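Subject: Structure handover

Hello,

Here is the structure for your files. Please look through it before reading the notes underneath.

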Amino acid sequence: MATSISATGFKGGLCSSFHGSWGTSIVGEDYTMLAKSVPTWIRVAKPIRSQPMMKNVNEGKGLFAPVVVITRNIIGKKPFNQLRGKAIALHSQVITEFCKSIGADAKQRQGLIRLAKKNGERLGFLA
């Protein structure tokens, strides 16, 4: 397909000659080559997600973190987590008894337990 455009003159008017069509058509061998080069389907892969790791973000942070890490390495992970669980349960019981003695409701008690957890994270007890 041959297309030519020419323009001459700006003041007297724009003269142009155009040979061809505004629509494009591909026929014959060109169309076959183009059709073969375009994939008939596109495969979209699933996004790659890393496995969630159950790791403490406060690992190694806080005043007591080194002591906690050394103790965990000495006695082992499972006994250490059992000991930690007992300590947390005991502390929660102390907070509950304190709330009973001052007449705090369950919502305030839960807030104090959350505050104790935040403070434990900051101090390194949950390292």
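The notes below cover the fold, the pocket, a surface patch and a charged pair.

Please keep in mind that this is a predicted model.

Overall fold

The protein has four helices and two strands. Read from the N terminus, the order of elements is β-β-α-α-α-α, with both strands ahead of the helices. The chain has 127 residues, of which 9% count as buried.

Largest pocket

The largest pocket holds about 460 Å³ of space. Its lining consists of 15 residues, and those closest to the centre are Ala87, Ile88, His91, Phe125 and Leu126. Two helices, H3 (77-102) and H4 (106-123), each contribute at least two residues to this lining. H3 contributes the most, at eight residues. By class, the lining has ten nonpolar residues, three polar and two charged.

Nonpolar surface patch

Leu63, Phe64, Leu123 and Phe125 form a nonpolar patch of about 370 Å² on the surface. Phe125 therefore appears twice in these notes, as a member of this patch and as one of the residues closest to the centre of the largest pocket.

The members come from separate parts of the chain. Leu63 sits in the loop that connects helix H1 (29-37) to helix H2 (65-75). Leu123 belongs to helix H4, and Phe125 lies in the segment that follows H4.

How do these parts relate in space? Leu123 and Phe64 are 59 residues apart along the chain, while their C-alpha atoms are separated by 5.9 Å. Leu63 and Arg122 are likewise 59 residues apart in sequence, with a C-alpha to C-alpha distance of 8.1 Å.

Accessibility varies within the patch. Leu63 has a relative accessibility of 65%, so it counts as exposed. Phe125 is partly exposed, with a relative accessible area of 39%. Leu123 is also partly exposed, at 35%. A residue needs over 30% relative accessible area to be part of a patch, and the values for Leu63, Phe125 and Leu123 meet that cut-off.

Salt bridge

How many salt bridges does the structure hold? There is one. It joins the side chains of Glu97 and Lys100, with an N to O distance of 3.9 Å. The cut-off for such a pair is 4 Å, and the 3.9 Å of Glu97 and Lys100 falls within it. Side chains of opposite charge can pair when their charged atoms come close.

Why are the two partners placed as they are along the helix? Glu97 and Lys100 are three residues apart in helix H3, so about one helical turn separates them. Glu97 is partly exposed, with a relative accessible area of 49%, and Lys100 is exposed, with 60%. The helix that carries this pair, H3, is the one that gives the most residues to the lining of the largest pocket.

Regards

Key. Residues numbered from 1 in each chain as written. Predicted model: local features only at pLDDT ≥ 70, side-chain atom pairs only at ≥ 80, totals over all residues. Heavy atoms only, no water. 1 Å grid on protein atoms, 1.4 Å probe; cavity = no way out; pocket = protein on both sides within 12 Å on 5 of 7 lines; lining within 4 Å. Points joined across faces, edges and corners; volume = space filled by probe spheres on them. Nonpolar A, V, L, I, M, F, W, Y, C, P; charged D, E, K, R; others polar. Patch = residues over 30% accessible without salt bridge, like charges linked within 9 Å, V, L, I, M, F, W, Y side chains within 5 Å. Areas by Shrake-Rupley, 256 points an atom, 1.4 Å probe, with all protein chains shown as cover. Buried < 20%, exposed > 50% of the residue type's maximum accessible area, 1.4 Å probe, protein only.
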